[in-house]
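Reader: Hi! I've got the model open on my screen and would love a quick tour. Could you walk me through it?

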Amino acid sequence: MPTAVTGPEIDRLIQLLARLPGLGPRSARRAALHLIKKREALMTPLAGALQVAIDRIRVCETCGNIDTRSPCTVCTDARRDPSIIVVVADVADLWALERAGATNGFYHVLGATLSPLDGVGPQDLTIDALVSRAHDPRVAEIVLALNATVDGQTTAHYITDLLGDANVKVTRLAHGVPVGGELDYLDEGTLSAAMRQRTLF
Amino acid sequence: MEWTDDGIVLGVRRHGESAAIVELLTRSHGRHLGLVRGGAGSRMRPLLQPGNSVNALWRARLDEHLGTYVLEGTRMRAASLLASSHATYGVTHLAALARLLPERDPHEGMFAMLERTLDDFDSAGGAAIHLVRFELAMLTELGFGLDLSACAATGATADLIYVSPKSGGAVSRQAGEPWRDRLLPLPPFLRAINDEQNCWSEQDLLDGFELTGRFLLRYVLEPRGQGHSDARAGFINAVVRKRAAAIPEGARTGAGEGRASS
């Protein structure tokens with residue numbers, strides 16, 4: 001019968017670390033050991049940073065982004081173009097677009113996409129807030145930057161239907177060949193979508 | 001245990017870091033779930049979209065286990081369906097309907113019908129007819145089929161234009177005349193013996209959805225504490241909007257302007 005090697009506190013730390021994405025029990029054990037060894041240099045600052053995050057991080061009441069203030073840094077940035085709102089499913093998508101520097105508009109985070117299988121309906125998303133923002137006279141375009149999946153595009157069509165009476169242009173991201181993608185390796189659906197949406201060269 | 005079968009992807013749920021639990025409607029093994037290793041990765045994601053057809057190899061140590069799937073795409077419809085609103089709503093609604101079937105119970109007829117419906121999603125009107133027929137077939141498959149072959153009152157097989165909201169049986173024009181306000185219209189494309197079964201007007205489509213929707217709700221969804229999905233309403237709206245844009249108003253009200261392959 002295996003005997004306990006560590007006290008319950010360390011076990012608890014390992015269990016919690018193992019819940020993080022990308023970490024299993026074995027890598028959680030390594031991370032815990034590393035933290036314990038670097039107690040002053042890493043563990044204490046990490047615990048402090050986590051406590052600050054718990055105390056100060058909040059969801060932006062305007063766009064749904066995560067920040068230490070509400071409205072968030074993006075929403076209070078006066079250099080951004082108020083005529084564009086980019087709709088994303090998740091904060092990770094917002095960060096990806098910001099990393100790419102792809103747009104200078106404002107954002108709206110839905111929180112998820114419609115998914116009957118997972119029981120996510122329109123009431124679970126921040127669609128009402130988006131519709132209300134779209135009626136702001138300064139807004140001219142809503143960009144639906146949602147996943148190219150059936151769930152993502154069903155959500156996009158649903159939002160488009162709701163924005164019918166708002167005086168805005170509704171656009172969506174193009175679907176097609178990714179940079180570095182070789183035609184030979186693309187699935188036929190993506191290829192036919194790319195062919196349909198070809199542009200003048 | 002091991003088998004190979006054709007399947008259509010109904011849904012995918014992420015499982016852990018890299019795997020996914022995939023729900024298929026298979027030809028001979030019914031609605032069947034299985035684990036796909038690497039199913040959450042970017043390589044598999046285009047394949048694991050609702051509406052795609054796959055060749056599935058299922059393996060498990062015991063029959064009652066979840067088992068693992070090895071999937072190979074045979075018809076990647078999802079990417080072409082994403083462009084139109086009626087197709088995305090339709091696929092979502094069809095997947096939700098197929099999910100009503102009991103697990104691991106073969107329904108070859110429903111599989112063939114789902115495949116045919118997904119293949120004919122280019123035209124909004126044709127897709128709508130297929131979807132109404134799919135809902136009707138789903139009622140039959142679940143044991144609540146409507147008898148549309150003969151008049152419930154007189155037994156006549158001709159001139160059936162109503163359906164009793166109580167029994168779900170067809171009613172002829174003559175027998176139904178005194179209660180016409182209370183009866184549901186039976187659209188021509190659902191009449192069993194009719195040489196015009198492929199013709200419809202916009203009102204026929206709406207009548208068809210009203211008919212199947214009412215009985216699905218009463219016999220199947222409400223007992224399970226469910227309602228119609230938002231995707232169903234979205235599909236109907238999208239079809240009506242597309243037909244309104246494509247066909248002048250005068251032509252829409254007349255019968256026989258549409259045609260679907262049956």
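Reader: Let's start with helices H2 and H4 of chain B. At what angle do they pack?
Author: Happy to help! In this predicted model, helix H2 (residues 85–98) and helix H4 (residues 124–141) of chain B pack at an angle of about 10°. Their axes are 11 Å apart. That angle makes H2(B) roughly parallel to H4(B).

Reader: Nice. Which residues in H2(B) and H4(B) meet?
Author: From H2(B) you have B:His86, B:Gly90, B:His93, B:Leu94, B:Leu97 and B:Ala98. They meet B:Ala124, B:Ala127, B:Leu131, B:Phe134, B:Glu135 and B:Met138 of H4(B). By class, that contact has 8 nonpolar, 3 polar and 1 charged residues.

Reader: What comes after H2, in the loop before H3 of chain B?
Author: One residue to look at there is B:Arg104, which sits in the loop between H2 and helix H3 (108–119). B:Arg104 has a positive phi of about 60°, although it is not a glycine.

Reader: And what does B:Arg99 pair with?
Author: B:Arg99 forms a salt bridge with B:Glu23, side chain to side chain, at 3.0 Å from N to O. B:Glu23 lies in strand E2 (residues 19–26) of chain B and B:Arg99 in the loop between H2 and H3, so the pair ties together parts that are 76 residues apart in sequence.

Reader: How many salt bridges are there over all chains?
Author: The search of the whole structure finds 17.

Reader: OK, zooming out. How is chain B divided into domains?
Author: Domain 1 of chain B covers 2–77, and domain 2 is made of 84–148 + 186–251. Their C-alpha centres lie 25 Å apart.

Reader: How much area is buried between those two domains of chain B?
Author: About 1700 Å², with carbon and sulfur atoms giving 57% of that. On the domain 1 side, B:Leu25, B:Arg27 and B:Arg31 supply 38% of the area buried against domain 2, more than any other three residues. In terms of contacts, 25 residues of domain 1 touch 18 residues of domain 2.

Reader: How many salt bridges are counted between domain 1 and domain 2 of chain B?
Author: The count there is 4.

Reader: And what does B:Asp119 form a salt bridge with?
Author: Its partner is B:Arg77, and the closest N and O atoms of B:Asp119 and B:Arg77 are 2.8 Å apart.

Reader: Switching to chain A. Which domains does the assignment give there?
Author: Chain A has domain 1 (8–56) and domain 2 (66–172). The centres of these two domains of chain A, taken over C-alpha atoms, are separated by 34 Å.

Reader: Where is A:Pro71?
Author: A:Pro71 is in the loop between strand E2 (66–67) and strand E3 (81–88) of chain A. Have a look at the backbone there: a cis peptide bond joins A:Ser70 and A:Pro71, with omega about 0°.

Reader: Last topic, the interface. How many residues of chain A are in contact with chain B?
Author: 22 residues of chain A, and they contact 23 residues of chain B. The two chains bury about 2000 Å² between them, 59% of it on carbon and sulfur atoms. In chain A, A:Leu117, A:Val150 and A:His157 lose the most area to chain B, together 33% of what that side buries.

Reader: How many salt bridges does the rule find across the interface of chain A and chain B?
Author: It finds 2 across that interface. If you'd like a pair to pull up, A:Asp161 and B:Arg241 meet through their side chains in a salt bridge, 3.0 Å from N to O.

Terms used. Residues are numbered from 1 along each chain as its sequence is written. Chains are lettered from A and ligands numbered from 1 in the order in which they are written. This is a predicted model: local features need pLDDT of at least 70, side-chain atom pairs count only at pLDDT 80 or more; totals for chains, interfaces and linings use all residues. Side-chain values use heavy atoms; hydrogens and water are left out. Axes are lines fitted to C-alpha atoms, for helices over the stretch in contact, and angles run from 0 to 180 degrees between N-to-C directions. Helices (H or I, at least four residues) and strands (E, at least two) are DSSP runs, numbered from the N terminus. Angles under 35 degrees count as roughly parallel, over 145 as roughly antiparallel, 65 to 115 as roughly perpendicular and the rest as oblique. Contact means heavy atoms within 4.5 Å. Ala, Val, Leu, Ile, Met, Phe, Trp, Tyr, Cys and Pro count as nonpolar, Asp, Glu, Lys and Arg as charged, and the others, Gly among them, as polar. Domain bounds come from an automatic or database domain assignment. Buried area is the accessible area (1.4 Å probe) that two parts lose on being put together, summed over both.
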